[in-house]
Amino acid sequence: MDLYEHQARQLFQDHGIPVPRAEVTRSPKEAREIARRLGGRAVVKAQVKTGGRGKAGGVRLVADPAAAELTARQMLGTAINGHRVRTLMLAEPVDIAEEFYVSYVLDRAAGGFVAIACAQGGVDIEEVAAHHPEAVARVPVDRAEGVTSAKAGEIASAAGLPPRTADVLVRLWQVLVAEDALLVEVNPLVRTAQGHVLALDGKVTLDDNARFRQTRWGEEDTEELDPLEAEAAARGLHYVKLDGEVGIIGNGAGLVMSTLDVVAGCGARPADFLDIGGGASAEVMADALSVVLADPAVRSVLVNVFGGITACDTVADGILAAVDRVRPTKPLVVRLDGNNAARGRAILDARAHPLVEQVATMDGAARRAAELAHTA
């Protein structure tokens, strides 16, 4: 689960990492009042879970409260890299002398955490890493030992950071451990003209497996979802909306991913990723079809199920229940194989719904769904 910048900032502040004064709003009029409380000048920052905000116009310095209100009106409702801007953070401007980059991230290949730090932070850190990798320090961190003052000094020295950043490095590790994070990043960490060290921007990714002990986060990750994704989440479905025309439903993430690839190989674009999982009931199958068919971009639907824990006759019952409930106008291509496949096929054959077509193989079903999408 990725946090918004203002949420990451609050975590930093909770753990004693210095941050500029800031407030969050969804109202242009309130943006004017926040700017006034911050002293007039403010940095207006779009709160979206994507990179490149600055280059996309999502971070702007305004000179006075009136400009803050106007900028808020211009930003709210726009999209940055496909992410709708619904929330803004207004922060106190900072006179920057130097910019640095620091983070801790789980290195799955190495099986542990690593500190990544660079004396050249800011919007072009990716270019620095690509063209001058020697400027980026990577220091393994022992999870049991953690980041002590000595370890923080080692990280700062390796990256060429000022010694006074060591305290932030210690506290940033405390954020990672206390919040069950997989990534904590500050970019930029700055030294101001007055000599203060501040975290100007932050990114935090929490471990979803730790939700049971991180109750404070609730449903923040779903508040900005596409309406169909939000509906699917409310129904307990694993659904991601894509920009194609063939709806995809399968059981098991690997099978669904393979189905997306096969459909793309047939010259069509998948409209979604939807995994009904193992042991899905007829009701789950009906919910899945309801969500997929609610997407106006969908021209055909491919249901690809290999019966294991999920029996194919249960899937067939769910398909027919969904057809009766949703009354679709788009064709459904169904491929059933595995546990109770013959019985499932027989159930669909007996109903003989004019919009439900069965194909024996995954390749054949994907090809047929693509054809139907192109002719719909």
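This presentation describes a sheet, several helix contacts, a salt bridge and two backbone details of one structure. Please keep in mind throughout that the model is predicted.

I shall begin with the sheet. Four strands form an open sheet, and their order is β1-β6-β2-β3, with antiparallel pairing. As a general point, the strands of a sheet pair through backbone hydrogen bonds, in either a parallel or an antiparallel manner. Here the edges are held by β1, residues 22-25, and β3, residues 59-62, each of which pairs on one side only. Direction ignored, neighbouring strands of this sheet are turned by 20° against each other on average.

One pairing may be followed at the level of residues. Strand β2, residues 42-46, pairs with β3 in the antiparallel sense, over four bridges. Which residue of β3 stands opposite A42? That residue is V62.

Two helices accompany these strands. Helix α2, residues 28-37, packs on the sheet and touches β1, β2 and β6, the last of these being residues 88-91. The direction of α2 makes about 175° with that of β1. Helix α3, residues 65-75, lies across β2, β3 and β6, and runs at about 160° to β3.

Strand β1 and helix α2 are also linked through their side chains. E23 and R37 meet in a salt bridge, with 2.7 Å from N to O. E23 belongs to strand β1 and R37 to helix α2, so described as distant parts of the chain, with the two positions 14 residues apart in numbering. In the structure as a whole there are 23 salt bridges.

I now turn to contacts between helices, taking three pairs in order along the chain. The first pair is α5, residues 149-159, and α6, residues 166-178. Their axes come within 8 Å and cross at roughly 115°, and the crossing is right-handed. From α5, the contact takes in S149, A152, G153, I155 and A156; from α6, A166, L169 and V170 take part. By class, this contact has six nonpolar residues, two polar residues and no charged residues.

The second pair is α8, residues 253-265, and α12, residues 362-375. Here the axes come within 9 Å, and the helices cross at roughly 55°. That angle makes α8 oblique to α12. The crossing is right-handed in this pair. On the α8 side the contact involves L255, S258, T259, V262 and V263, which meet M362, D363 and A366 of α12. Five of the residues in this contact are nonpolar, two are polar and one is charged.

The third pair is α10, residues 312-326, and α11, residues 341-351. How far apart are their axes, and at what angle do the helices pack? The axes are 6 Å apart, and the angle is about 25°. Angles under 35 degrees count as roughly parallel, and therefore α10 is roughly parallel to α11. Helix α10 contributes C312, D313, A316, D317, I319, L320 and D324, while α11 contributes A341, R343, G344, I347, L348 and R351. The contact of α10 with α11 divides by class into seven nonpolar, one polar and five charged residues.

I close with two details of the backbone. In general, most residues other than glycine have a negative phi, and most peptide bonds are trans. D180, in the loop between α6 and β10, has a positive phi, near 55°. Strand β10 covers residues 181-192, and P188 is found in this strand. The peptide bond that joins N187 and P188 is cis, with an omega of about 5°.

Terms used: Residues are numbered from 1 along each chain as its sequence is written. This is a predicted model: local features need pLDDT of at least 70, side-chain atom pairs count only at pLDDT 80 or more; totals for chains, interfaces and linings use all residues. Side-chain values use heavy atoms; hydrogens and water are left out. Axes are lines fitted to C-alpha atoms, for helices over the stretch in contact, and angles run from 0 to 180 degrees between N-to-C directions. Angles under 35 degrees count as roughly parallel, over 145 as roughly antiparallel, 65 to 115 as roughly perpendicular and the rest as oblique. Contact means heavy atoms within 4.5 Å. Ala, Val, Leu, Ile, Met, Phe, Trp, Tyr, Cys and Pro count as nonpolar, Asp, Glu, Lys and Arg as charged, and the others, Gly among them, as polar. Two strands pair if DSSP finds at least two bridges between them. A crossing is left-handed if the near helix is turned anticlockwise from the far one by less than a right angle, and right-handed if clockwise. A salt bridge is a side-chain nitrogen of Lys or Arg within 4 Å of a carboxyl oxygen of Asp or Glu.
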